[in-house]
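This briefing is meant to be read alongside the sequence and the coordinates. It goes from one loop residue to its surroundings, then to helix packing, and ends with the chain as a whole.

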Amino acid sequence: MGGVPSTPRWGSAAEMRPAETAEYLIGALVGEKSYPLASDYWQKLLESPLHLRWPSHRVLQASQLFAQNNCKTRHLAKILVHLAWCLQECVSASGVPSAALVRALNALYISSVFLKYFIENAKSDHFEELHLSLDENEAKPTSFSKGGGPGRFQVKIVYGILLAENYQTIEQLVMHSVLSFLGKVDVSTNTYLLHHELLNFMLIAMSTQLLSGPSPGPDDSHPFIDAMMVQESSLVSLVVSKLLLNYIRRPNFPIDSSSYSIFSEVNQTGVLQRVGSAAANFVLLPFNLFVGSSGEATRSPLAENSLNVLLILIHYRKCIETDYVKDRGDHSSEPLPKEDACFSENPYCKALENAQDIEFDRLDVEGNVQNGPLVRLPFASLFDTLGLYLADERSILLLYSMVQGNSAFLEYVLVRTDLDTLLMPMLETLYNASRRTSNQIYMVLIILLILSQDSSFNASIHKLMLPNVPWYQERLLHQTSLGSLMVIILIRTVKYNLSKLRDVYLHTNCLATLANMAPHVHRLSAYASQRLVSLFDMLARKYNKLAEMSNNKMHMPNGESREEDNLPEDTTAELHIYTDFLRIVLEILNAILTYTLPRNPEVVYAIMHRQEVFQPFRNHPRFNELLENIFTVLDFFNSRMDAQKMDGEWSVEKVLQVIVINCRSWRGEGMKMFTQLRFTYEQESHPEEFFIPYVWQLVLSCSFSFNPNSINLFPVDLPLEKQDSFVGEDGQKLQSGGLNGLEQQVDVLV
């Protein structure tokens with residue numbers, strides 16, 4: 001068929017050159033003849049040096065022919081079974097035999113290329129065209145006999161080794177073998193490539209999610225990822241641990257190929273020169289991507305793919321059938337209401353959330369023994385690695401997943417004295433917001449909000465001094481506290497959002513973090529103090545503009561309208577929003593003046609210097625009570641200034657000196673005590689609608705290709721890489737949903 005070779009007579013195979021043998025074997029795989037699972041054909045296919053460099057159109061033709069004949073031959077199911085057997089041999093043997101590696105790699109590359117084609121071109125909702133079962137009429141080999149009830153398999157002796165038994169489906173057998181190898185076999189010079197390509201295979205197998213909609217439903221079918229979800233908890237813990245250790249250790253590709261047995265000319269395996277390499281534009285990474293022109297490893301693909309796989313696994317949600325679904329009937333076309341959706345537990349997410357620091361023993365702080373297998377990680381190494389790679393959006397998502405879901409890791413982060421390791425790259429991300437994606441900005445803001453919920457964090461960031469901030473261009477920042485820089489960057493983000501994006505949730509997250517920080521501010525810098533007062537001024541001008549528009553609208557005749565800088569038609573709703581924003585900023589100023597005024601003379605100076613911006617709101621019914629404390633402070637320090645006899649003009653230094661002196665005598669007389677604002681972050685009830693599309697967008701943007709016409713998980717016209725603005729109209733729900741679970745918690749002061 002076209003450029004795909006027809007299957008020649010078997011007898012001539014041994015006399016052919018290597019390339020012809022490869023042509024022969026691949027032609028037989030995609031052809032019409034069905035080879036039984038026990039046929040020696042499979043051994044020849046998997047042990048032969050597949051020296052092929054097919055162009056992509058020939059790979060496509062072979063895939064089409066394979067899909068056409070697979071319903072009769074079941075060759076996809078058979079090669080997957082052989083892949084599982086090869087991996088089990090690698091796991092069971094003491095030391096991984098090179099011959100087993102070759103068989104596993106060949107099975108892996110071939111099945112990856114064809115499985116990806118099947119998934120991208122699937123027509124049925126449940127991927128029936130994969131035909132992941134053996135033909136009932138086929139004679140069963142002794143090594144793979146059917147028994148134990150319908151659909152149950154017993155895999156007994158293959159290559160003389162006891163492998164596995166009692167797997168309900170082929171996909172469960174295969175994924176158990178894949179996970180067992182990843183979790184139990186260490187990454188070494190000999191096993192690096194197989195580890196890496198197994199992760200590629202997992203990405204392909206899990207890409208069935210790309211064909212589903214953003215809201216998981218009970219009818220969604222993901223055979224391979226669902227098979228991973230039913231593995232035993234001990235294996236799940238091993239896999240989660242190994243994926244995180246790969247991310248932390250970042251093993252490089254072995255450069256010395258002469259010492260890498262499967263590259264050796266003696267073995268003539270040529271595993272990078274087979275059909276898989278020809279389909280590199282489909283999924284597989286060629287050798288030159290591992291090694292730079294200088295011969296040195298330029299990146300750690302294993303670490304990156306480990307992170308990709310981990311993020312997909314921990315954010316997967318399986319919607320299960322409920323009584324409501326049964327009652328409405330199997331043929332209902334109505335989507336399942338969110339409130340009626342029920343999801344099974346994700347063991348990978350649970351394993352990550354229960355992970356503990358390797359420095360602690362198995363007893364928790366109460367002395368209770370943890371139930372079940374436990375993921376044990378070097379939290380110190382994870383903390384340092386995250387700090388180095390937070391420029392990568394996937395690392396930010398991992399940090400979010402850890403601090404939001406794992407209380408032990410969050411506690412570890414909060415007691416670190418070098419918080420700048422994590423905060424500086426995140427603050428730099430916010431500083432460069434115009435060159436970052438909206439989701440990246442949201443994740444950073446929510447991480448900061450989660451951290452700001454802890455009072456010790458808010459106190460410690462003001463004690464950590466930064467000698468300079470090289471990436472901040474507006475002015476030189478010398479000997480600025482980390483807390484002052486955080487205030488500056490959050491306010492800058494609010495201002496950028498107000499001028500460019502007008503995203504209410506971004507405003508809310510920034511102001512909520514500032515409100516949590518306010519009672520613990522210590523020696524806020526002059527620049528940060530000025531920015532804080534200017535934030536009130538900016539929001540006040542926006543509020544006044546909206547109030548004027550609202551008043552004009554009330555007095556306009558029916559049917560008339562006028563344009564006002566493209567503001568929303570419902571200015572009343574926006575006016576309420578900015579009223580709340582102004583009140584939060586006043587609450588922030590109140591908290592600083594009420595609890596930390598003697599330690600923040602620069603804040604007092606900034607308020608005195610711009611006191612006219614507060615005057616118009618002094619008698620405003622929504623703001624007057626919050627302004628009383630500010631004017632109490634102004635009256636106190638203005639009177640002290642008036643009492644000073646000065647020769648000549650007041651300078652900044654002289655004014656600040658008077659403020660510092662009088663801060664010592666400040667007793668807070670006449671100040672009203674307000675309930676302290678505290679904001680906490682809580683995930684929405686259905687975070688999967690955000691996280692599943694988001695994770696796959698990240699994977700597709702960095703290391704995985706997929707036919708865009710087959711993607712239903714998110715709009716294909718959305719940019720997968722960096723964009724200049726946070727949200728578009730179509731993308732707003734995807735990019736905001738799941739992240740807006742912000743709840744205000746008001747603690748009454750005793």
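His222 has its place in the loop between H7 and helix H8 (223-229), and, in this predicted model, the residue is buried, with a relative accessible area of 4%. Not counting residues up to four places away in sequence, His222 touches Thr208, Gln209, Ser212 and Tyr316. Although 95 residues separate His222 from Phe127 in sequence, their C-alpha atoms lie 8.4 Å apart in space.

**The loop between H5 and S1**

- Phe127 belongs to the loop that runs between helix H5 (98-120) and strand S1 (144-146), and with a relative accessibility of 6% this residue counts as buried, because the cut-off for that class is under 20%.
- Most residues other than glycine have a negative phi. Phe127, which is not a glycine, nevertheless has a positive phi of about 55°.
- His131 is found in the loop between H5 and S1 as well, and it too has a positive phi, of about 50°, without being a glycine.
- At 24% relative accessibility, His131 counts as partly exposed, whereas Phe127, at 6%, counts as buried.

**Helix H7 and its partners H5 and H6**

- For the 15 residues of H7, a rise of 1.5 Å a residue predicts a span of 21 Å, and the end C-alpha atoms are indeed 21 Å apart, which agrees.
- Of the 15 residues of H7, 15 are buried, so this helix is largely enclosed by the rest of the structure.
- H5 packs against H7 at an angle of about 20°, their axes being 10 Å apart, and the two helices are therefore roughly parallel to each other.
- The crossing of H5 and H7 is left-handed; on the H5 side the contact is formed by Leu101, Ala104, Leu105, Leu108, Tyr109, Ser111, Ser112, Leu115, Lys116 and Ile119, which meet Leu193, Leu194, Glu197, Leu198, Phe201, Ile204 and Ala205 of H7.
- Divided by class, the residues of the contact between H5 and H7 are 13 nonpolar, 2 polar and 2 charged.
- Helix H6 (residues 170-184) packs against H7 (residues 192-206) at an angle of about 140°, with the axes 10 Å apart, and this crossing is left-handed.
- Val174, Met175, Val178, Leu179, Phe181 and Leu182 make the contact from H6, while Leu194, His195, Leu198, Leu199, Phe201 and Met202 make it from H7.
- The contact of H6 with H7 has 11 nonpolar residues, 1 polar residue and no charged residues.

**Helix H16 and its partner H28**

- Helix H16 (residues 393-405) has 13 residues, which at 1.5 Å a residue should span 18 Å, and the distance of 18 Å between its end C-alpha atoms agrees with this.
- Because 11 of its 13 residues are buried, H16 is largely enclosed by the rest of the structure; the buried residues are Glu393, Arg394, Ser395, Ile396, Leu397, Leu398, Leu399, Tyr400, Ser401, Met402 and Val403.
- H16 and helix H28 (residues 688-702) pack at an angle of about 150°, with 10 Å between their axes, which makes H16 roughly antiparallel to H28.
- H16 passes H28 in a left-handed crossing, in which Glu393, Arg394, Leu397 and Tyr400 of H16 meet Phe691, Tyr694, Val695, Leu698 and Cys702 of H28.
- By class, the contact of H16 with H28 has 7 nonpolar, no polar and 2 charged residues.
- As a general point that may help in reading these contact lists, an α-helix has 3.6 residues a turn, so residues three or four places apart point the same way.

**Thr73 in helix H3**

- Thr73 is found in helix H3 (residues 56-73), and at 1% relative accessibility it counts as buried.
- Leaving aside neighbours within four places in sequence, Thr73 is in contact with Gly31, Glu32, Lys33, Ser34 and Lys78.

**The chain as a whole**

- The protein contains 29 helices and 11 strands, and 56% of its 750 residues count as buried.
- Among the contacts in the protein with a separation of 6 or more, 75% are between residues 24 or more positions apart.

Terms used:
Residues numbered from 1 in each chain as written. Predicted model: local features only at pLDDT ≥ 70, side-chain atom pairs only at ≥ 80, totals over all residues. Heavy atoms only, no water. Helix = DSSP H or I, 4+ residues; strand = E, 2+ residues; numbered from the N terminus. Expected span 1.5 Å × (residues − 1). Buried < 20%, exposed > 50% of the residue type's maximum accessible area, 1.4 Å probe, protein only. Axes fitted to C-alpha atoms, helices over the stretch in contact; angles between N-to-C directions. Left-handed = near helix turned anticlockwise from the far one by under 90°. Contact = heavy atoms within 4.5 Å. Nonpolar A, V, L, I, M, F, W, Y, C, P; charged D, E, K, R; others polar. Parallel < 35°, antiparallel > 145°, perpendicular 65-115°, else oblique.
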